[in-house]
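This briefing concerns the structure shown below. It is arranged by topic, beginning with a pocket and ending with backbone geometry.

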Amino acid sequence: MGPLTALPLTLCVLFAGMILVGVLDALAWRLLGRVPIDDDDRLTLGGLRAVIRRQSISTERPDLAAWRLAPALYFGLAAAGLALVPVAVAVGRAPVDVEAGIVVWGAVEALTVIAVFLHGWSSNALLPLMGAYRFVAIGLSIMLVSMFVLIGAALPAGSLRLTAIVESQRELWNLVRQPLGLPLFLLLGLAITLRGPLDYADAPDLAGGTSAEDNAQLRLAWQLARAAMLVAFAAMAATVFLGGPLGPVLPGPVWLALKAGLVAAVLVVLGHLLARPDASRMMTFIWVVLLPLSFLDLAIAGLEALR
């Protein structure tokens with residue numbers, strides 16, 4: 001797939017997915033019968049109107065260039081991650097088909113930490129900076145869990161190329177081979193999309209955290225970038241653990257869209273249902289519980305690959 005085709009395709013899919021995320025969020029609020037603390041935290045028409053009407057504010061001596069760059073960087077990382085996802089099993093059927101696709105996705109995860117930290121640091125205010133530092137501590141820790149999980153997913157394929165990982169699931173999905181893999185990977189999704197129990201960057205207890213001092217335009221850009229990252233993560237999870245475009249009768253891209261939509265819906269529901277614990281408790285939980293579970297997941301995947 002050539003670059004002239006890849007970029008428009010990736011952006012079209014990304015924007016379509018962002019609309020889906022907005023619909024899922026609206027449905028979650030309605031079905032749960034809850035009212036959001038801040039209306040402009042919802043990616044709906046009402047939420048977007050609230051963002052546009054938000055009073056323009058500015059802190060003392062902010063880094064305006066970095067403040068504006070952060071949402072663009074976050075969105076760009078989402079687009080880069082989505083471009084790695086193959087729409088068919090054949091080599092070359094991803095917008096960006098590289099030999100070390102899993103490694104590139106890992107770089108997207110790591111650079112997300114920089115984007116979120118930049119967003120909080122650049123406003124030169126206390127609460128955004130606190131949110132940024134909390135996210136760095138939690139985000140980097142949960143990415144260690146993701147690293148072992150993704151290595152386990154690559155073992156049956158004997159390759160880091162995403163098309164090869166999809167092909168290795170033709171008889172059996174990695175969800176079955178690695179029963180711990182997808183649940184652990186979903187926790188990373190909650191972290192890098194700033195949702196639910198792992199939203200330590202933009203949490204209400206910090207009055208919005210890294211977004212606390214955003215003006216209307218920056219707030220809107222940040223919310224859209226968060227939705228874009230959710231789309232990219234859902235597509236990657238569907239590819240690595242649910243066979244991506246593999247499936248009977250329907251075309252590969254349709255199967256990929258259905259599976260990614262299911263993962264996105266699960267993340268939205270978990271983000272609304274699960275409470276956020278104290279940051280120190282979450283850090284302990286990651287290192288004492290989740291990291292050993294990721295080791296166990298890798299061992300299970302390794303034993304399965306040796307059979």
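In this predicted model, the lining of the second largest pocket comprises 16 nonpolar residues, three polar residues and no charged residue. The pocket belongs to a chain with 11 helices and zero strands, in which buried residues account for 51% of the 307 residues. The points below treat the pocket, the salt bridges, a buried aspartate, two contacts between residues separated in sequence, and two residues with positive phi.

**Overall organisation**

- Read from the N terminus, the order of elements is α-α-α-α-α-α-α-α-α-α-α.
- The chain has 307 residues, and 51% of them are buried.

**The second largest pocket**

- The volume of the second largest pocket is about 380 Å³.
- Its lining is made up of 19 residues, of which V13, L82, A235, A257 and A260 are the closest to the pocket centre.
- Helices α1 (3-32), α9 and α10 (252-273) each contribute at least two residues to this lining.
- Charged residues are absent from the lining, which holds 16 nonpolar and three polar residues.

**Salt bridges around R161**

- Seven salt bridges are found in the whole structure.
- One of them is formed by the side chains of R161 and D97, at an N to O distance of 3.0 Å. This pair links distant parts of the chain, 64 residues apart: R161 is in the loop between α5 (126-154) and α6 (162-167), and D97 is in the loop between α3 (64-83) and α4 (101-121).
- R161 also forms a salt bridge with E99, with the closest N and O atoms 2.6 Å apart. Here too the pair links distant parts of the chain, as E99 lies in the loop between α3 and α4 and R161 in the loop between α5 and α6, 62 residues apart.
- The relative accessible area of R161 is 15%, so this residue is buried. D97, at 24% relative accessibility, counts as partly exposed, and E99 is likewise classed as partly exposed, at 48%.

**The salt bridge between R226 and D202**

- R226 and D202 form a salt bridge in which the closest N and O atoms are 3.6 Å apart. Because R226 is in helix α9 and D202 is in the loop between α8 and α9, the pair ties together parts that are 24 residues apart in sequence.
- R226 is buried, at 14% relative accessible area, and D202 also counts as buried, at 9% relative accessibility.
- As for shared partners, salt bridges join D97, E99 and R161 into one network.

**D214, a buried aspartate**

- D214 is located in the loop between α8 (181-192) and α9 (216-241).
- Which side chain of opposite charge is nearest to D214? It is that of R219, at 5.5 Å; D214 is buried and has no salt bridge. The distance to R219 exceeds the 4 Å limit that applies to a salt bridge.
- The side chain of D214 does make a polar contact, at 2.8 Å, with the side chain of H119.

**Residues apart in sequence**

- F117 belongs to helix α4 and is partly exposed, at 24% relative accessibility. The C-alpha atoms of F117 and R134 are 9.2 Å apart in space, while the two residues are 17 residues apart in sequence.
- L298 is part of helix α11 (residues 279-306) and is partly exposed, with a relative accessible area of 22%. L298 and M147 are 151 residues apart in sequence, with a C-alpha to C-alpha distance of 9.8 Å.

**Positive phi values**

- N124, although not a glycine, has a positive phi of about 60°. N124 is placed in the loop between α4 and α5 and is partly exposed, with a relative accessible area of 48%.
- V249, another residue other than glycine, has a positive phi near 70°. V249 is in the loop between α9 and α10 and is exposed, with a relative accessible area of 86%.

Terms used: Residues numbered from 1 in each chain as written. Predicted model: local features only at pLDDT ≥ 70, side-chain atom pairs only at ≥ 80, totals over all residues. Heavy atoms only, no water. Helix = DSSP H or I, 4+ residues; strand = E, 2+ residues; numbered from the N terminus. Buried < 20%, exposed > 50% of the residue type's maximum accessible area, 1.4 Å probe, protein only. Lys, Arg positive; Asp, Glu negative; His and termini not counted. Polar contact = N/O pair within 3.5 Å; in protein donor to acceptor, adjacent residues only side chain to side chain. 1 Å grid on protein atoms, 1.4 Å probe; cavity = no way out; pocket = protein on both sides within 12 Å on 5 of 7 lines; lining within 4 Å. Points joined across faces, edges and corners; volume = space filled by probe spheres on them. Nonpolar A, V, L, I, M, F, W, Y, C, P; charged D, E, K, R; others polar.
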